[in-house]
Amino acid sequence: MDNALLNRQVVFFAGKGGVGKSTSAAAFALYAADQDRRVLLVSTDPAHNLADLFHTPIGGEGITRVAPNLDAVEVDVHRETHRYLDGVKENIRRTVRSTMLDEALRQIDLAAHSPGAAEAALFDRMVSLILEESQAYDLLVFDTAPTGHTVRLLTLPELMGTWVDGLLKRRHKRNRDYSHWLGDGEVPDDPLYDVLSRRRQRAAAMRDILLDDQTTAFVFVLVPEYLPITETRNAIRELADWDIHVRHLVVNKLLPEGVTDPFFRERLAREHRWLARIDEYFPDLHPLRLPLLPGDVDSREALDQVAREMARALDPGR
Ligand SMILES: Nc1ncnc2c1ncn2[C@@H]1O[C@H](COP(=O)(O)OP(=O)(O)O)[C@@H](O)[C@H]1O
Ligand SMILES: [Mg+2]
């Protein structure tokens, strides 16, 4: 039924902390690799121990092979924030007049502590991975997703507005005129022009990828409880405002149907009511249901089990 998910090039797992994004992402990546897709799993969760899950030492900045067809990379949000701001500073150094430079750099240091800096940096790294690694892989799986707020970064007027077009065009013309006047045919270096046009191209390329349903999928993970359901509904609406349409849900940690203990019967009855609510709230989405395992998913064996459940949910005919 839902093998469409398998045919995407980029799949994001979104949802609140603790619902099982990292677990679902790893299980889906493993399943896709097993289906002969070349997969890169991008983990952004410092607490999520890929090394234990895959019985393979991984870490640092490099990409590591963790299973046949499956590579993984761990992205450190703290490191990315500093890398991102260093990049911004570098651009500023090349483009801002020296009288203003100290103040500009000070503002950027302050920005490191502003809400959203880490999110923006993480998103920047996602963009790099998607734009640069997509040749080597059929599928990139992320255990976290950009929010509507970060997607907005791609539509910022400074990046997409028509005045940038005008600015770029004018600078380009001026640069050409200079080289004409100088008669050496050499277009002068113009760092601001380069920075702006490069950023703009990246943003446009990323927008095309994110907004293309055939290329990218957002999977929301939730557990059958009131708050996660409400928050998922809000998050899906927020993304829709940016033209991103979520088509997949994972409902994780479902109790076994066969429980007999009155306590668990009560929990199960409750769960059924929330599942009905999920169907009502998200009539167009086919929830992939994953059972609650007896223990944490902290070993390759447990992950294999979740991957099998994922396979069953995605392809009930198998
Ligand atoms: N289906 C499941 N059964 C049992 N434990 C699970 C299941 N899915 C996730 N877990 C456990 O729940 C915790 C949170 O999962 P995780 O994938 O890290 O969530 P998130 O990435 O959304 O914060 C982890 O300890 C994980 O092992
Ligand atoms: Mg996680």
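The structure holds six aromatic pairs, and these are described here for a predicted model, in which the secondary structure of the chain comes to 12 helices and eight strands. Of the 318 residues of the chain, 44% count as buried, and the C-alpha atoms fill a box of roughly 85 × 40 × 35 Å along the principal axes. Among contacts between residues at least 6 apart in sequence, 71% join residues at least 24 apart.

**Aromatic rings and a charge over a ring**

- One of the six aromatic pairs is made by Tyr 226 and Trp 274, whose rings are tilted, with 5.9 Å from centre to centre and 50 degrees between the planes.
- This pair links distant parts of the chain, since Tyr 226 belongs to helix H10 (residues 226-241) and Trp 274 to helix H11, the two residues being 48 apart in sequence.
- The two partners are set apart by their exposure: Tyr 226 counts as partly exposed because its relative accessibility is 48%, whereas Trp 274, at 19% relative accessibility, counts as buried, the cut-off for buried being under 20%.
- Tyr 281 and Phe 282 also form an aromatic pair, and here the arrangement is edge-to-face, with 6.2 Å from centre to centre and 85 degrees between the planes.
- In this second pair, Tyr 281 is partly exposed, with a relative accessible area of 23%, while Phe 282 is buried, with a relative accessible area of 5%.
- The ring of Tyr 281 also has a charged neighbour, because the charged end of Arg 233 sits over that ring, 3.7 Å from its centre.
- Elsewhere in the chain, Phe 12, Phe 142 and Phe 218 form one aromatic cluster.

**The magnesium ion**

- The magnesium ion (ligand 2) has Ser 22, through OG, and Asp 45, through OD, as its protein donors, and these lie 2.1 Å from the ion.
- Ser 22 lies in helix H1 (residues 21-34) and Asp 45 in the loop between strand E2 (39-43) and helix H2 (50-54), so the two donors tie together parts of the chain that are 23 residues apart in sequence.
- Ser 22 counts as buried, because its relative accessibility is 9%, whereas Asp 45 counts as partly exposed, with a relative accessibility of 28%.

**Strands E7 and E8**

- Strand E7 (residues 248-254) pairs with strand E8 (residues 286-291) in the parallel sense, and five bridges join them.
- Within this pairing, the bridge partner of Val 251 is Arg 289, which belongs to E8.
- Between the two strands the chain passes through helix H11 (residues 262-281), and the resulting β-α-β crossover from E7 to E8 is right-handed.
- Asn 252 is found in strand E7 and is buried, because its relative accessible area is 7%.
- Leaving aside neighbours within four places in sequence, Asn 252 is in contact with Val 19, Gly 20, Val 221, Leu 222, Val 223, Pro 224, Leu 290 and Pro 291.
- Lys 253 is likewise found in strand E7, but Lys 253 counts as partly exposed, with a relative accessibility of 36%.

**Backbone angles**

- Most residues other than glycine have a negative phi, which gives the background for the two residues that follow.
- The phi of Lys 253 is near 65 degrees, a positive value in a residue other than glycine.
- Asp 36, which is not a glycine either, has a positive phi of about 70 degrees.
- Asp 36 lies in the loop between H1 and E2, and Asp 36 counts as exposed because its relative accessibility is 63%.

**Surroundings of Arg 83**

- Arg 83 is found in helix H3 (residues 77-95) and counts as partly exposed, with a relative accessibility of 40%.
- Leaving aside neighbours within four places in sequence, Arg 83 is in contact with Glu 61 and Arg 125.
- Arg 83 and Ala 121 are 38 residues apart in sequence, and their C-alpha atoms are 8.0 Å apart in space.

Methods. Residues are numbered from 1 along each chain as its sequence is written. Chains are lettered from A and ligands numbered from 1 in the order in which they are written. This is a predicted model: local features need pLDDT of at least 70, side-chain atom pairs count only at pLDDT 80 or more; totals for chains, interfaces and linings use all residues. Side-chain values use heavy atoms; hydrogens and water are left out. Donors are N, O and S atoms within 2.8 Å of the metal (3.2 Å for Na, K and Ca); water is not among the atoms, so sites may look incomplete. Helices (H or I, at least four residues) and strands (E, at least two) are DSSP runs, numbered from the N terminus. Buried means under 20% relative accessible area, exposed over 50%, partly exposed in between (1.4 Å probe, protein chains only). Two strands pair if DSSP finds at least two bridges between them. A crossover is right-handed if, with the strands pointing away from the viewer, the path from the first strand over the helix to the second runs clockwise. Rings of Phe, Tyr and Trp (its six-membered ring) pair if their centres lie within 6.5 Å; planes under 30 degrees apart count as stacked, over 60 as edge-to-face and the rest as tilted. A charge sits over a ring if NZ of Lys or CZ of Arg is within 6 Å of the ring centre and within 35 degrees of the ring normal. Contact means heavy atoms within 4.5 Å.
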